[in-house]
Amino acid sequence: MHQGSPIQIAEMAADGGVDFALATEGLEHFADLVMMPCYDWNRCIVVPRGHPLGDLDELTLAAVAEFPIVTYVFGFTGRSKLDDSFSRLGLVLKVVFTATDADAIKVYVRLGVLARMAYDERVDSDLVALDASHLFEPSTTMIGCRRGTFLRGYMYDFIEEFAPHLTRERVDLAFATPHGSDRDELFQDLALPLR
């Protein structure tokens with residue numbers, strides 16, 4: 001397993017350095033990757049206990065924009081959708097720190113906008129996760145594999161274990177679909193799990 005930016009991961013998969021790329025952003029820039037949707041996810045706002053945002057009856061983007069934000073580096077974990085949500089309303093994010101993963105965000109400042117699945121009530125008991133799914137469009141995590149790859153049994157098994165709706169038949173169909181075809185059409189009947 002290799003960690004990197006979505007672009008680095010996609011490049012590794014496109015060059016054949018790794019079997020798969022798992023990412024939320026950046027895979028669409030690589031025509032030589034077959035991309036398949038794994039799951040949808042959304043964000044939460046994580047604040048220390050007692051933070052003013054935790055006392056609001058309704059969380060709004062305007063209220064969030066009043067505070068300094070610690071979030072993901074642009075290009076990581078759906079960050080572009082986060083920025084788009086604020087800019088559509090003419091709001092400016094006060095980003096004071098960026099990191100590539102949720103653990104760094106929680107460790108460095110203990111305040112951030114992060115993927116909902118990164119918050120663990122047992123480990124992060126000093127923090128409160130505020131549901132922000134009504135503020136942002138969901139993001140989709142994708143798995144990409146180099147077009148023309150001979151998929152071995154363990155590769156099909158990995159894909160289906162990671163995303164059970166991606167059966168061998170569906171994966172074969174994705175690989176048989178010519179580049180440039182509408183991915184949404186290929187997977188339109190799927191109801192992706194939300195994490």
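**Exercise 1. Find where leucine 166 sits, and decide whether leucine 166 is buried or exposed.**

Step 1: Leucine 166 lies in the loop between helix 5 and helix 6. Helices here are DSSP runs of H or I with at least four residues, strands are runs of E with at least two, and both are numbered from the N terminus.

Step 2: Turn to accessibility. Leucine 166 counts as buried because its relative accessibility is 0%; buried means under 20% relative accessible area, exposed over 50%, and partly exposed in between, with a 1.4 Å probe and protein chains only.

Step 3: Look for its partners, where contact means heavy atoms within 4.5 Å. Setting aside neighbours within four places in sequence, leucine 166 is in contact with Met36, Pro37, Cys38, Ile143, Ile159, Glu160, Val171 and Phe187.

Step 4: Check one partner by distance. Phenylalanine 187 is 21 residues from leucine 166 along the chain, and their C-alpha atoms are separated by 9.7 Å.

A word on the model: it is predicted, so local features need pLDDT of at least 70 and side-chain atom pairs count only at pLDDT 80 or more, while totals for chains, interfaces and linings use all residues. Residues are numbered from 1 along each chain as its sequence is written, and side-chain values use heavy atoms, with hydrogens and water left out.

**Exercise 2. Work out which residues of helix 5 are buried, and what covers them.**

Step 1: The buried residues of helix 5 are Met155, Tyr156 and Ile159.

Step 2: These residues cover an arc of only 100° around the axis, which puts them on the same side of helix 5. The arc is that of the directions from the helix axis to the C-beta atoms.

Step 3: Now go round to the other side of helix 5, where Asp157 and Glu161 are exposed.

Step 4: The cover over the buried residues of helix 5 includes strand 2, strand 8 (139-146) and helix 6 (168-176).

**Exercise 3. Do the same for helix 6, then find what arginine 170 touches.**

Step 1: Arg170, Val171, Ala174 and Phe175 are buried in helix 6.

Step 2: Down the axis of helix 6, these buried residues fall within an arc of 140°, so they line one face of the helix.

Step 3: On the face turned away from that buried side, helix 6 carries the exposed residues Glu169 and Ala176.

Step 4: Arginine 170 counts as buried because its relative accessibility is 18%. Not counting residues up to four places away in sequence, arginine 170 touches His165, Leu186, Phe187, Asp189 and Leu190.

**Exercise 4. Describe the lining of the largest pocket.**

Step 1: The largest pocket has a volume of about 1,000 Å³. Of the 31 residues that line this pocket, Met1, His2, Ile9, Leu22 and Ala23 are the closest to its centre. A pocket is an open set of points on a 1 Å grid over the protein atoms alone, where a 1.4 Å probe fits, with protein on both sides within 12 Å along at least five of seven lines; lining residues have an atom within 4 Å of a point. The volume is the space filled by probe spheres set on the points, which are joined across faces, edges and corners.

Step 2: Helix 5 gives the largest share of the lining, four residues.

**Exercise 5. Put the whole chain in numbers.**

Step 1: The protein chain has seven helices and eight strands.

Step 2: Of its 195 residues, 44% are buried.

How values were computed: Nonpolar A, V, L, I, M, F, W, Y, C, P; charged D, E, K, R; others polar.
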